[in-house]
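This briefing addresses a single protein model and is intended for a reader working directly from the coordinates. Please consult the sequence and structure below.

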Amino acid sequence: MCDIRLFRSARMDYRTAEMIWREKTNDEMILNNAAYHLQQAVEKVLKGALECVGVTVPYSHKISKLVAMVFNNGANLTITDWLDDHAEMLSEWETETRYNMDFLVEKRKLDRAMEEVRNFMEINGIKDSLREELLEPEKKAKLLLCLPEEKRNCSEFELNCYYILFKKKL
């Protein structure tokens, strides 16, 4: 079964980026930290979805490579146009924000990325409230039947994550 801990970790990375971003500072080091956590959130969602379809995930931080793997392996994620178009920028944020002391994330790019990554995560159900598809009682009941008995009493967030795994069966 798919390990939803990557989705949980992605949500926490997004929340960390959001807390840093809300500080409304222009300190480059702080903005770089927000950008790093934002990249990590995207990477973990992509890797989690790949694991859910049985793909052995490579040790890679390249968002474009992971996006291509999602498309090529039928992972149950919606890749937004913005994410597809900005995969290289996000990948750059993973290393440059940590190791290049001269690298500066532009505030306007971070502002847009926060909005777009939030959209990506919400579209894919990486959120606390039930995703739209599971508001239908029949669909939610079918999903619960896919889970082992001990996993059925889970949070709405966890149900959203299991939906990524079992969407094709529903």
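The points below cover the basis of the model, its nonpolar core, one buried residue and one helix pair.

The model is predicted, so local features need pLDDT of at least 70 and side-chain atom pairs count only at pLDDT 80 or more, whereas totals for chains, interfaces and linings use all residues. Residues are numbered from 1 along each chain as its sequence is written, and side-chain values use heavy atoms, with hydrogens and water left out.

**Nonpolar core**
- The largest nonpolar core (buried Ala, Val, Leu, Ile, Met, Phe, Trp, Tyr and Cys residues joined through side-chain atoms within 4.5 Å) has 55 residues, of which Leu-46, Trp-93 and Leu-110 touch the most other members.
- Helix α2 provides the largest share of this core, 11 residues; helices are DSSP runs (H or I, at least four residues), numbered from the N terminus.
- Beyond residues up to four places away in sequence, Trp-93 touches residues including Ala-35, Phe-103 and Leu-110 (contact means heavy atoms within 4.5 Å).

**Leu-31**
- Leu-31 lies in helix α2 (residues 28-52).
- Leu-31 is buried at 5% relative accessible area (buried means under 20%, with a 1.4 Å probe and protein chains only).

**Helices α7 and α8**
- The axes of α7 (residues 137-146) and α8 (residues 156-166), which are lines fitted to C-alpha atoms over the stretch in contact, come within 10 Å and cross at roughly 75°.
- The two helices, α7 and α8, are therefore roughly perpendicular (65 to 115 degrees, on a scale from 0 to 180 degrees between N-to-C directions).
- Residues making the contact include Leu-143 of α7 and Tyr-162 of α8.

Methods:
Angles under 35 degrees count as roughly parallel, over 145 as roughly antiparallel, 65 to 115 as roughly perpendicular and the rest as oblique. Buried means under 20% relative accessible area, exposed over 50%, partly exposed in between (1.4 Å probe, protein chains only).
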